[in-house]
Amino acid sequence: MKRITINKRVAFLSAAMAVVGCASVQPTSDDDVRQELRASFQERGMAKIERLDQTELQRVCSAAATTGQPLDAATRARLEKAALDTVKYPADNQYLGDWKQGERIAQTGVG
């Protein structure tokens, strides 16, 4: 009969405790996750706590992605119209800018 060394016993007990510990973890809800994110968020420069607030469009799309169900046509059309209403077109109706200036900015590596 072989004897089990102390190191093997400790390793076995540690593994057993880890399995029991993982089994006892409660699943978290979306509200728990939001609260944890808010508690751990640190504002820096432009990054403000409001970044964690989802718009209606983001909430609906996240829910659809989580469930795997596509949005119904009415909801999709309503959200699409609301998003398109926020688009601001150029006042002078000139949609393309000076491409040479854009090229210079692009080539500097900072634009």
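How exposed or buried is Asp-53? Asp-53 counts as partly exposed, at 40% relative accessibility. Keep in mind for every view below that this is a predicted model.

**Figure 1. The whole chain is built from helices and has no strands.** Five helices make up the set of elements, and reading from the N terminus the order is simply α-α-α-α-α. The chain has 111 residues, and 5% of them count as buried. Its accessible surface is about 10,600 Å², and carbon and sulfur atoms account for 59% of that area. Four salt bridges turn up in the structure, and the next three views take a look at some of them.

**Figure 2. Arg-34 and Asp-31 pair up inside helix α2.** Here the two side chains form a salt bridge, with N to O at 2.8 Å. That contact also shows up as a polar contact between the side chains of Asp-31 and Arg-34, again listed at 2.8 Å. Helix α2 covers residues 30-40, and the two partners sit three residues apart in it, about one turn of the helix. Residues three or four places apart point the same way, because an α-helix has 3.6 residues a turn. As for cover, Asp-31 is partly exposed at 49% relative accessibility. Arg-34 is partly exposed too, with a relative accessible area of 43%.

**Figure 3. Asp-53 and Arg-38 join in a salt bridge.** The N to O distance between these side chains is 2.1 Å. Arg-38 belongs to helix α2, while Asp-53 comes from the loop between α2 and α3 (56-67), so this pair ties together parts that are 15 residues apart in sequence. Back to the opening question: Asp-53 is partly exposed, at 40%. Its partner Arg-38 has a relative accessible area of 37%, which makes Arg-38 partly exposed as well.

**Figure 4. Glu-56 and Arg-78 link two helices through a salt bridge.** The closest N and O atoms of this pair are 2.9 Å apart. Glu-56 sits in helix α3 and Arg-78 in helix α4 (residues 73-85), so the bridge ties together parts that are 22 residues apart in sequence. Neither end is buried: Glu-56 is partly exposed at 37% relative accessible area, and Arg-78 is partly exposed at 43%.

**Figure 5. Tyr-89 and Tyr-95 make an edge-to-face pair.** How many aromatic pairs does the count come to? The count comes to one aromatic pair. In this pair of Tyr-89 and Tyr-95, the ring centres are 6.2 Å from each other, and the angle between the planes is 80°. With a cut-off of over 60 degrees for edge-to-face, that angle puts the pair in the edge-to-face class. Both rings belong to exposed residues, Tyr-89 at 56% relative accessibility and Tyr-95 at 55%.

**Figure 6. Asp-98 and Gly-109 sit at the two ends of helix α5.** Helix α5 takes in residues 99-108. At its start, a side-chain oxygen of Asp-98 comes within 3.1 Å of the backbone nitrogen of Lys-100. At the other end, just after α5, Gly-109 adopts a positive phi of about 85°.

Notes: Residues numbered from 1 in each chain as written. Predicted model: local features only at pLDDT ≥ 70, side-chain atom pairs only at ≥ 80, totals over all residues. Heavy atoms only, no water. Helix = DSSP H or I, 4+ residues; strand = E, 2+ residues; numbered from the N terminus. Buried < 20%, exposed > 50% of the residue type's maximum accessible area, 1.4 Å probe, protein only. Areas by Shrake-Rupley, 256 points an atom, 1.4 Å probe, with all protein chains shown as cover. Phe/Tyr/Trp six-rings, centres within 6.5 Å; stacked < 30°, edge-to-face > 60°. Polar contact = N/O pair within 3.5 Å; in protein donor to acceptor, adjacent residues only side chain to side chain.
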